[in-house]
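Visitor: I'd like a close look at one part of this model, please: how its helices pack. Take your time, and keep going from there to whatever else seems worth pointing out.

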Amino acid sequence: MHLALPLALIASLGVGTLAKHIAVPERTPHLNLKIEQTIALERLNHTTADGIRLSYLFVPSAKRDFVYDVKRTETNGLRFDMRVKNAQASVPTRGSIIYLHGWGSNGDQFTPWALALAEQGFSGVNVDLRGHGDSADAPAGYGPREAADITDLVRGLLAQGRIQPPIYLMGTSYGGSTALFAEPALRDVIAGIVAFAPFQSANEGIRGAIREAQDTQASGIRARITLAALGRMNDSDIDAAIDEASEQLGISLRNVDARPIVAASQTCILLLHGADDRMFPAASSHELAASTPMASATTVNGHGHVDLPMRLDWLVAPVATWVAATSQRTNDNACPSFKLPPEPTH
């Protein structure tokens, strides 16, 4: 899942209920894929200086005969299958990638990416953000607080020698915005950021999630009642819910804005956005990219907010090329361009 409002949790929707779901993500348990046991991956913990315990999965670089297949469903959605063997062959480490999931999800969201890029020499750290997965409860920050956690984690793992430069951040939706917010504090140690459909500001992100929920074609009586209640909420109701969530979190969600952060970035940023994204328009990534020569944006046709990061079959190779190229630049060199190849046929 990405930044989204779970329909089943908004029944009897009112301003107070909506505010609660803006402030507190629904925890999604880790999938029992048995991958961790099969290939001996490590699930570890890091406690930040602020006392926030973060759970993460460490994926060392190695060849594991990882196979990933993606197919269109009858409803034009995507279904993927992945397989991995126990046999491993070491590969030279080319860097480390910190993976940041979307709202309401957990580090499992990037397990396919971590396994795929580990085969190309990039070790991976799949983090459960605060309040998600197996990490500790802590007030959400819609980017800045999470970025402080990730900064502490990255510097801690570097000090332990668990990750090696060059280091990259990769995130989707809420996690993509978190990566952008982490840039100022980590610009001395990261070589690049890849963000799938980040939101520009918390205010716009929340409204986009509500808009997506309102546009959903629901089935079932409970979901229809929920959507009917959500549809009756006007802009002033949503404003009130955002303000109430701000009070609960102790921050002003109206002032959480990634645009000035991106405009001042000293790190190369690649923004990937689905043309059919109904939650955050693809134009928002192009607006971010237009604010600095350090960023570029690519719109991918035929994909929306949730399914774009699933296209490993299409995106892993060009993303790996872009990531590797960022480590070759000097301060005087421009950031590398991103070249999207033709969509694979299946």
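Guide: Let's get one term straight before looking: a crossing is left-handed if the near helix is turned anticlockwise from the far one by less than a right angle, and right-handed if the turn is clockwise. Keep in mind too that this is a predicted model.

Now find helix α4, residues 144–160, and helix α5, residues 174–186. Their crossing is right-handed. Two numbers pin down the geometry of such a pair, since packed helices are described by the angle between their axes and the distance between the axes. For α4 and α5 the angle is about 60°, and the axes sit 8 Å apart. Roughly perpendicular would take 65 to 115 degrees, and roughly parallel would take an angle under 35, so α4 and α5 come out as oblique to each other.

Who does the touching? On the α4 side you'll find Pro144, Glu146, Ala147, Ile150, Thr151, Val154 and Arg155. Facing them from α5 are Tyr174, Thr178, Phe181, Ala182, Ala185 and Leu186. Sorted by class, this contact has nine nonpolar residues, two polar ones and two charged ones.

While you're in this region, follow the chain out of α4 into the loop that leads to β7 (167–172), where Pro166 sits. Pro165 and Pro166 are joined by a cis peptide bond, with omega at about -5°.

Next, swing over to α1 (residues 15–23) and α8 (residues 235–249), which pack at about 50° with 8 Å between their axes. That angle makes α1 and α8 oblique to each other, therefore, and their crossing is right-handed. From α1, the contact uses Val15, Gly16, Leu18, Ala19, Lys20, Ile22 and Ala23. From α8 come Asp237, Ala240, Ala241, Ile242, Glu244, Ala245, Gln248 and Leu249. The class count for this α1 and α8 contact is 10 nonpolar, two polar and three charged.

The last pair is α3 (residues 111–118) with α11 (residues 312–326), at an angle of about 50° and with axes 11 Å apart. These helices are therefore oblique to each other, and the α3 and α11 crossing is right-handed. Pro112, Trp113, Ala116 and Leu117 of α3 meet Leu312, Leu315, Val316, Val319 and Ala320 of α11. Check the makeup of that contact: nine nonpolar residues, no polar and no charged.

For something other than helix packing, go to the second largest pocket, which holds about 310 Å³ of space. Its lining is made of 12 residues, and those nearest the centre are Glu212, Gly304, His305, Val306 and Asp307. By class, that lining splits into two nonpolar, five polar and five charged residues.

One backbone detail to finish: Asp65, in the loop between β2 (53–59) and β3 (67–72), has a phi near 55°, a positive value in a residue other than glycine.

Technical notes:
Residues are numbered from 1 along each chain as its sequence is written. This is a predicted model: local features need pLDDT of at least 70, side-chain atom pairs count only at pLDDT 80 or more; totals for chains, interfaces and linings use all residues. Side-chain values use heavy atoms; hydrogens and water are left out. On a 1 Å grid over the protein atoms alone, a cavity is a set of points where a 1.4 Å probe fits but cannot get out, and a pocket is an open set with protein on both sides within 12 Å along at least five of seven lines; lining residues have an atom within 4 Å of a point. Grid points are joined across faces, edges and corners, and a volume is the space filled by probe spheres set on the points. Ala, Val, Leu, Ile, Met, Phe, Trp, Tyr, Cys and Pro count as nonpolar, Asp, Glu, Lys and Arg as charged, and the others, Gly among them, as polar. Axes are lines fitted to C-alpha atoms, for helices over the stretch in contact, and angles run from 0 to 180 degrees between N-to-C directions. Helices (H or I, at least four residues) and strands (E, at least two) are DSSP runs, numbered from the N terminus. Angles under 35 degrees count as roughly parallel, over 145 as roughly antiparallel, 65 to 115 as roughly perpendicular and the rest as oblique. Contact means heavy atoms within 4.5 Å.
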